[in-house]
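Dear colleague,

Please find the structure below, handed over for your study. I would ask you to keep it open while you read the notes that come after it.

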Amino acid sequence: MPRIAVLDRSVSERIAAGEVIERPSSVVKELVENSLDAGSDWIRVEIRDGGKQAIIVSDNGCGMSEQDAVLALARHATSKIQTLDDLDTLLSLGFRGEAIPSIASVSRMEIWTKEHGGDGGTRVQIEGGEILDVSPTGCPSGTRIVVEDLFWNLPARRKFLRSPLTEQGHVADLVGKMALSNPAVHWLLVSKDRTLADLPPGTDLSGRVAQVMGKVRPHELIPVSGGGFFALSGVVSIPTKTWPNRRNQVFFVNGRLVHSPILAGAVSEGLARYFPQPSQHPMVVLFVQSPPGEVDVNVHPTKSEVRFSRPGDVYREVATALQESLEAGGLNLVERAYSIPANTAFFSPPPAPPTRGGEETGWSAGRGEEIGEDAGGCRQAGEGARIGEETDRRPWGGTAPQQMVMELPAAYAAAPGGQILGQLGGTYILVREGDTLFFLDQHNIHERIHFEALNRRRESRKSLSQGLLFPLHLDVGPKEAAFLAEKLPLLRDVGFDLESFGLNRVLVRAVPFGFEKLAGPDQIRDLLTEISARDDLRDPTLFLEHATATVACKAALKAGEVLSEDEMLCLWDGAKSLANPSVCPHGRPVMIQLRLEDLHRMFKRK
Amino acid sequence: MKIMFEKRELENILSPVSRIADGRNALAILGNILVEAREGRVKLISTDLEIGVERIAKGTIVEEGAITVPAAVFSEIITNLKDTSLELALNENASMVNVQGDGFLYTLNALPAEEFPVLPEIGGETVICLSSKDLKDAIRRLIFAAAPGEGNNPVLSGVLFSIKDNHLTLVATDGRRLAKRVIPLPRSHREMKVVIPAKALQELGKTLEDSEEIVEMLVEENQVVFKLATLRFYTRVLEGQFPDYDQIIPKTNTKRVTLHREEFAATLKRTAIMAKEKEMPKLVKLVFSKDFGDLTIAFNAKFVLDVLVNEEDEYIDIDFKDSVSPAIVKGNKETNWIHVVMPICT
């Protein structure tokens, strides 16, 4: 008897299914992608018992004829491509023709489908991949697929499913992310009879990201756009909103949710200036549109990995686009981050809008903003210098335009000086400008000013270094000395002229120009030690950002230093010319503002 | 104790004394001035434990004695009096003093004179004799080059006084620039080196007058005193090895540019108005295209300006070798003064 035998079809199908179908959320993914490819603008996902008992995906897409419905169950049957060449120009999400048969082979499945304008619907019943019954039936246009008892015939795999709540979480995460990339679709996620999410179409991206991801409010997101060869769009959170991991970074390539180390790397580099603390990551939702021929999605059956034909280009374009978008934020970032939010607690709640499915904090805050504005009387156009109109124009949630307060006080243009009120606790500088009170953290703002100045020098390739009359011999330790020796050319870009000098010594010939605080040997030694502490930064750009941030920090005023009015004025002037006056390079806020209307609200005048 | 003063004379003497007294010091008595009337002389004394000032005041002693009065309040009272005579006397309550005259009476809290720190007795040899004018001038022209604050290289926050071969050499440096002045001494002194805190010298400079009166400097261990007829100025000295300045003073700077001092200074000040980064020091760049080949040398504008405004010649010379080696800035007729400035590499 031969040892090698061709597997029974049902066995091989189940093995193949294992590659694509891992857990309920994989089923949802495949079915929802089909729904999207069918042109649906309403998709309802229902799960029972976390999807273990049943997964029901209904849509209002084009539906299938009886013939198609049966054919869909054959492996590699697909409507999406016909020849191999089509793979290159692929625009649909699915194409392998594996999804339906794979799911069918490991579950009990029912397909209810009716073509638009068709006479009647079709119902197909399948169990373990075998068609049990095909019969005409009455049903709404579109397709409804019921998947019950997932892995009933693969007990081992079924055993490895997690608790219903965990599986539900995976499904919710997936549906949320799909909803991000398909804003024109009305999404519903239902568990048993409870609506987990109701995401109506027409919500702008910031609003939808806030709904789906939670954790942020829409105005804490900055729109991203740009690219060249690749078209890029998306949002990134303001620099005060960060998380200790990258879980809040979502990438779509041609509408497909992907994991991409290249994109993640580009985000890190592009944002290094704003989020240089490597342990802190912003929220990023990024859509990359590329001509189909430039991306290979056929790397893995779940298509969650992609290969770019031009990885360098996509990396550079993404990094640049993010950087530019944050730079364009300017002083708006301060407003976004630190103005007192118009919290509903301060005044009576707004009337309930007609559709308020998934209640998100973003909703109430956003509407509150609007009410607060109304109560405050409409602002006249001439009243304040208007910036950030882009945000003003964006409609949100299909209701009244979102009224983000993006105005600087009227006095801004007239009296650019601002009035220094004093120093609080030897740490905070109080400045009044028009009707707004600013609180500056003297260390953080000074650090930020230094940081940007150093970056400007670096970018213009004019690192200025002050030569020392008496070169300093510093004992920094063997490990640090070796590390610094390796980084000598890079450190020159920051303004250091160092020379290796023996096993644990460096000779400092010049230091960055313009930092009086970096005068003594001890300060310079501390600085170099701190720079050497990040020997994990292999990437030269990241290392330079780190070195620059460290110089900026060490050279900055410390909390507790008493400042003269001139010094405070200098800081305030510096603060206003900052490209990004929101956080210091370590992610701490540089200033907070309190407007007159904030005070009115707090005192319940409005 | 009872002393009579003329307001105007007291006021002149009081201000340098009260400047040293610091009311914020944890040791309350350091905020006071010691007034001492003994052996026919009235002395006003103050100290912050690093610097001490003792001045002899013109006053008529009615009754001898000593007491300390709060410096700030006392000097404010005196400043605001009209020209008149006044009397400083112990109250019946011994912890108070009365300041009174024609139509006014102030009663101040006093602290007993015994609690006031005793200024050191510095005897020994007079090491330097200089005119008050020369010393004041020298201080003004090099004090800016010393490092501000003690930082962690304290010796650089002082000025080196070095005596060798009938010459007194004064050097101040913050590690990026250096000012050096050589003053010939009328008679020979023993060789000596001492570093005096710039802060103390600054105070001394303010106190000294533009006169030909001779200042004697006496050194003892870690203390120095400057003596005049009516003033004694005490200061501690700084410990540490002053850098070997001679080796970094360039000897072979062959390129020289001569500039009109005041015009150059005015230009630097004007450009500073427009410099964008207010919080940053400004650069001054000298760009040469013909005489020295293509050469650009840049300095911290403040370093150059400090020299310009404190020198006196009509023209100044900048001697340099290239864009990275130390340059010399000095008045073009000057022989005793030298400033070394380290360029900025761009």
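The notes below set out what was found, beginning with chain A and then turning to chain B.

Please bear in mind throughout that this is a predicted model.

**Chain A as a whole**

The secondary structure of chain A consists of 20 helices and 24 strands. Of its 606 residues, 51% count as buried. The surface that chain A exposes comes to about 26,200 Å², and carbon and sulfur atoms supply 53% of that area. Among the contacts in chain A with a separation of 6 or more, 69% are accounted for by residues 24 or more positions apart.

**The sheet of eight strands in chain A**

Chain A contains an open sheet of eight strands with mixed pairing, in the order S5-S4-S3-S6-S2-S1-S7-S8. Its edge strands are S5 (130–137) and S8 (194–199), each of which pairs on one side only. From one strand to the next, the twist averages 10 degrees. As general background, the strands of a sheet pair through backbone hydrogen bonds, and they may do so in a parallel or an antiparallel way.

Strand S7 of chain A is a useful place to see both kinds of pairing. With S1(A), strand S7(A) pairs in the parallel sense over six bridges. With S8(A), strand S7(A), which covers residues 186–191, runs antiparallel, and five bridges join the two. Is S7(A) enclosed or open to its surroundings? Five of its six residues are buried, so S7(A) is largely enclosed by the rest of the structure.

Individual residues show how these strands line up. A:Glu46 stands opposite A:Val190 in S7(A), and A:Val190 in turn stands opposite A:Thr195 in S8(A). A:Trp187 stands opposite A:Leu199, again in S8(A). The hairpin formed by S7(A) and S8(A) has two residues between the strands, and A:Lys192 in this hairpin takes a positive phi near 50 degrees.

Helix H2 of chain A (residues 24–37) lies across four strands of chain A, namely S1 (42–48), S2 (54–59), S6 (142–148) and S7. The helix runs at about 15 degrees to S2(A).

**A:Leu199 in strand S8**

A:Leu199 lies in strand S8 of chain A. Why does this residue count as buried? Its relative accessibility is 7%, and the term buried applies because that value is under 20%. Leaving aside neighbours within four places in sequence, A:Leu199 is in contact with A:Ala179, A:Val185, A:His186, A:Trp187, A:Arg208, A:Gln211 and A:Val212. A:Leu199 and A:Leu180 are 19 residues apart in sequence, and their C-alpha atoms are 9.8 Å apart in space.

**Nonpolar cores and helix H6 of chain B**

The largest nonpolar core has 91 residues, and those with the most contacts inside it are B:Phe161, B:Met217, B:Phe226 and B:Ile318. Helix H6 of chain B gives the most to this core, with six residues. A second, separate core has 36 residues, including A:Val27, A:Leu31, A:Ile145 and A:Phe151.

Within the largest core, B:Phe226 deserves a look of its own. Apart from residues up to four places away in sequence, B:Phe226 touches a list of residues that includes B:Leu135, B:Ile196, B:Leu201, B:Met217 and B:Phe233.

Helix H6(B) spans residues 301–310 and is mostly covered, with eight of its 10 residues buried. Among those buried residues are B:Phe303, B:Val304, B:Leu305 and B:Leu308, as well as B:Asp306 and B:Asn310. The N-terminal end of H6(B) is capped by B:Asn300, which has a side-chain oxygen 3.0 Å from the backbone nitrogen of B:Lys302.

**B:Thr68 in chain B**

B:Thr68 is placed in strand S6 of chain B, which covers residues 65–70. Is B:Thr68 buried or exposed? B:Thr68 is buried, because its relative accessible area is 0%. Its side chain makes a polar contact with the side chain of B:Asn32, at 3.0 Å. A polar atom of the B:Thr68 side chain also lies 2.8 Å from the backbone oxygen of B:Leu111. Beyond its neighbours within four places in sequence, B:Thr68 is in contact with residues including B:Ile29, B:Ile33, B:Asn109, B:Pro112 and B:Phe116.

With kind regards

Terms used:
Residues numbered from 1 in each chain as written. Chains lettered and ligands numbered in written order. Predicted model: local features only at pLDDT ≥ 70, side-chain atom pairs only at ≥ 80, totals over all residues. Heavy atoms only, no water. Buried < 20%, exposed > 50% of the residue type's maximum accessible area, 1.4 Å probe, protein only. Polar contact = N/O pair within 3.5 Å; in protein donor to acceptor, adjacent residues only side chain to side chain. Contact = heavy atoms within 4.5 Å. Areas by Shrake-Rupley, 256 points an atom, 1.4 Å probe, with all protein chains shown as cover. Core = buried A, V, L, I, M, F, W, Y, C linked by side-chain atoms within 4.5 Å. Pairing = 2+ DSSP bridges. Axes fitted to C-alpha atoms, helices over the stretch in contact; angles between N-to-C directions.
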